[in-house]
Amino acid sequence: MGPPSAAPHGRHRPWQGLLITASLLTFWDPPTTVQFTIEALPSSAAEGKDVLLLACNISETIQAYYWHKGKTAEGSPLIAGYITDIQANIPGAAYSGRETVYPNGSLLFQNITLEDAGSYTLRTINASYDSDQATGQLHVHQNNVPGLPVGAVAGIVTGVLVGVALVAALVCFLLLSRTGRASIQRDLREQPPASTPGHGPSHRSTFSAPLPSPRTATPIYEVSVGHGCSGPTGSRGPRICPHQHLAEL
């Protein structure tokens with residue numbers, strides 16, 4: 001019985017083919033599709049500023065871009081589209097004249113308002129007519145004092161209002177005090193002067209009665225000479241006539 005014959009040169013065994021196939025699969029990595037994203041620049045903008053919705057990781061084979069206002073492209077109003085072959089913007093139903101679509105798919109908002117805040121979706125169509133979409137958020141806040149948070153602004157406004165109220169209260173108090181002092185002084189000037197105790201009523205008092213004039217005083221007895229009234233016989237000098245006095249009364 002002879003020794004086993006050796007395998008002829010140039011003949012491949014089956015397991016060698018399996019090793020070659022496994023090596024090729026290990027080093028060959030099929031290309032993967034990267035999902036594009038939307039980023040707002042700035043992430044939160046003040047009212048009246050410009051905002052760019054940047055399209056990231058966009059493929060070079062995109063033929064058209066369509067921006068919609070909403071969380072999905074389906075059923076959301078079209079803002080604007082961009083066709084790469086003709087390099088032109090196509091306005092949609094939600095176009096306000098402040099939106100511009102760039103050749104890389106990004107959307108520029110000019111002079112944004114509070115109503116512009118919300119979700120925006122970009123739908124792309126490549127050369128094979130495959131569609132893809134991604135959604136971004138646009139945040140808008142009111143234009144406040146630069147460098148100050150909303151709480152600080154509210155505190156400043158409150159302090160100013162309190163200061164104005166205090167100043168107004170102080171002015172009212174001063175006016176009332178001056179008016180009351182002037183009223184008291186006017187009342188004192190209008191009151192008559194009081195009489196001095198022990199010296200009798202003042203000659204300026206409205207309650208002092210006028211003294212009768214000596215010329216208007218009525219005499220109790222008149223001196224009559226030769227008017228029918230006679231005194232005692234043999235008397236000399238004037239005669240006093242009480243009857244004439246009573247008649248005059």
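Residues 4-8 are a good place to begin, since pLDDT, the predictor's confidence in each residue from 0 to 100, stays under 50 there. For residues 4-8 the model has one contact beyond four places in sequence, where a contact means heavy atoms within 4.5 Å. Residues 220-236 also have a pLDDT below 50, yet this stretch has 20 contacts in the model beyond near neighbours in sequence. Where pLDDT is low, the predicted coordinates should not be read in detail. For the protein chain, the mean pLDDT is 74, and 56% of the residues reach 70 or more.

A word on the ground rules: this is a predicted model, in which local features need pLDDT of at least 70 and side-chain atom pairs count only at pLDDT 80 or more, while totals for chains, interfaces and linings use all residues. Residues are numbered from 1 along each chain as its sequence is written, and side-chain values use heavy atoms, with hydrogens and water left out.

Now to the strands. Helices (H or I, at least four residues) and strands (E, at least two) are DSSP runs, numbered from the N terminus, and two strands pair if DSSP finds at least two bridges between them. Strands of a sheet pair through backbone hydrogen bonds, either parallel or antiparallel. One open sheet here has four strands in the order S1-S3-S8-S7, with antiparallel pairing. Its edge strands are S1 (37-41) and S7 (99-101), each of which pairs on one side only. Ignoring direction, neighbouring strands of this sheet are turned by 20 degrees against each other on average; the axes behind such angles are lines fitted to C-alpha atoms, for helices over the stretch in contact, and angles run from 0 to 180 degrees between N-to-C directions.

Walking across this sheet, you meet five bridges that join S1 to S3 in antiparallel fashion. Leu41 has Leu52 in S3 as its bridge partner. In a regular strand the side chains alternate between the two faces of the sheet. S1 has a covered face with Ile38 and Ala40, and an uncovered one with Thr37, Glu39 and Leu41. Further along, three bridges join S3 (residues 51-56) to S8 (residues 107-109), again antiparallel, and Leu53 has Leu107 in S8 as its bridge partner.

Just outside the strands, Ser106 sits in the loop between S7 and S8. At 1% relative accessibility, Ser106 counts as buried (buried means under 20% relative accessible area, exposed over 50%, partly exposed in between, with a 1.4 Å probe and protein chains only). Leaving aside residues up to four places away in sequence, Ser106 touches Leu52, Leu53, Leu54, Ala55, Trp67, Thr100 and Val101. The side chain of Ser106 also reaches the backbone nitrogen of Ala55 at 3.1 Å.

The other sheet to visit is an open one of six strands, ordered S2-S10-S9-S4-S5-S6, with mixed pairing. S2 (44-46) and S6 stand at its edges with a single partner strand each, so one side of each is left without a neighbour in the sheet. The twist averages 25 degrees from one strand to the next. Within this sheet, seven bridges join S4 (residues 62-69) to S9, and these strands run antiparallel. Lys69 has Tyr120 in S9 as its bridge partner.

Side chains of opposite charge can pair when their charged atoms come close. A salt bridge is a side-chain nitrogen of Lys or Arg within 4 Å of a carboxyl oxygen of Asp or Glu, and a search of the whole structure finds one. It brings together the side chains of Asp116 and Arg98, at 3.0 Å from N to O. Asp116 lies in the loop between S8 and S9 (118-126) and Arg98 in the loop between S6 (88-91) and S7, so the pair ties together parts that are 18 residues apart in sequence. Asp116 counts as buried, at 7% relative accessibility.

Finally, some backbone details in the loops. The peptide bond from Leu41 to Pro42 is cis, with omega near -5 degrees, and Pro42 is found in the loop between S1 and S2. Gln87, in the loop between S5 (78-83) and S6, has a phi near 50 degrees, a positive value in a residue other than glycine. Gln87 is exposed, with a relative accessible area of 62%. Tyr129 has a positive phi of about 65 degrees although it is not a glycine. Tyr129 lies in the loop between S9 and S10 (131-141) and is exposed, with a relative accessible area of 72%.

Definitions and conventions
A polar contact is a pair of N or O atoms within 3.5 Å; within protein, one must be able to donate a hydrogen and the other to accept it, and residues adjacent in sequence count only if both atoms are side-chain atoms.
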